[in-house]
Amino acid sequence: MLFGYFVALQVHGVDEEFAFHPSDGPFASWLRRTYHLPMALGWASAIERYLPDDPPLDTFFRLLDEFRQAGPAAGAELPS
């Protein structure tokens with residue numbers, strides 16, 4: 001669903017930073033640096049494969065909170 005939003009931004013020429021690009025957006029870059037996860041298949045696959053202790057959706061929201069708390073200094077800024 002998030003990638004669909006990204007495609008809609010591109011199709012309609014909306015100039016908005018998209019933090020959730022599967023492999024090279026700010027969220028993926030932060031996961032790569034913080035947890036040393038490979039992003040070849042994107043952040044969703046990395047969460048499912050390499051962080052299997054919790055349900056993937058719960059893990060995503062936990063990581064999203066960490067990402068937001070890391071702030072711009074860590075390259076973890078979400079557009080408001």
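## A four-helix model seen from its core

T59 touches I47, L51 and D54, not counting residues up to four places away in sequence, where contact means heavy atoms within 4.5 Å. T59 lies in helix 4 and, at 1% relative accessibility, counts as buried; buried stands for under 20% relative accessible area, exposed for over 50%, and partly exposed for the range in between, with a 1.4 Å probe and protein chains only.

The structure is a predicted model, in which local features need a pLDDT of at least 70 and side-chain atom pairs count only at pLDDT 80 or more, while totals for chains, interfaces and linings use all residues. Residues are numbered from 1 along each chain as its sequence is written, and side-chain values use heavy atoms, with hydrogens and water left out.

### Overall layout

The chain has four helices and zero strands, which, read along the sequence, gives the pattern α-α-α-α. Helices (H or I, at least four residues) and strands (E, at least two) are DSSP runs, numbered from the N terminus. Of the 80 residues of the chain, 34% count as buried. Among contacts in the chain with a separation of 6 or more, 30% come from residues 24 or more positions apart. The chain exposes an accessible surface of about 5,300 Å², of which carbon and sulfur atoms hold 56%; accessible areas come from the Shrake-Rupley method with a 1.4 Å probe, and for residues only the protein chains shown count as cover.

### The nonpolar core and helix 3

The largest nonpolar core has 19 residues, and those with the most contacts inside it are F20, F27, L31, M39, W43, F60 and L63. A core in this sense is a set of buried Ala, Val, Leu, Ile, Met, Phe, Trp, Tyr and Cys residues joined through side-chain atoms within 4.5 Å. At least two residues of this core are supplied by each of helix 1 (2-11), helix 2 (26-35), helix 3 (43-50) and helix 4 (56-70).

Which residues does W43 touch, not counting residues up to four places away in sequence? The partners of W43 are L2, F20, H21, P22, F27, A28, L31 and F60. W43 is also one of the buried residues of helix 3, together with A46 and I47. These residues cover an arc of only 100° around the axis, so they are placed on the same side of helix 3; the arc is that of the directions from the helix axis to the C-beta atoms. E48 and R49, on the other side of helix 3, are exposed. The cover over the buried residues of helix 3 includes helix 1, helix 2 and helix 4.

### Helix 1 and its surface

L2 is in helix 1 and touches F18, F20, W43 and F60, again not counting residues up to four places away in sequence. L2 and P22 are 20 residues apart in sequence, and their C-alpha atoms are 9.1 Å apart in space. F3, also in helix 1, forms a nonpolar surface patch with V7 and V11, with about 270 Å² of accessible area together. Patches are made of residues with over 30% relative accessible area and no salt bridge, like charges being joined within 9 Å and nonpolar side chains (Val, Leu, Ile, Met, Phe, Trp, Tyr) within 5 Å.

### Helix 4 and the salt bridge

A salt bridge is a side-chain nitrogen of Lys or Arg within 4 Å of a carboxyl oxygen of Asp or Glu, and by this rule the count comes to one. R62 forms this bridge with E66, the closest N and O atoms being 2.9 Å apart. Because they are four residues apart in helix 4, R62 and E66 are separated by about one helical turn. A70 is in helix 4 as well; A70 and W30 are 40 residues apart in sequence and 9.0 Å apart in space, C-alpha to C-alpha.

### The loop residue H36

H36 is in the loop between helix 2 and helix 3. Most residues other than glycine have a negative phi. H36, although not a glycine, has a positive phi of about 55°.

### Accessibility of selected residues

| Residue | Relative accessible area | Class |
|---|---|---|
| L2 | 34% | partly exposed |
| F3 | 41% | partly exposed |
| H36 | 66% | exposed |
| R62 | 35% | partly exposed |
| E66 | 26% | partly exposed |
| A70 | 29% | partly exposed |
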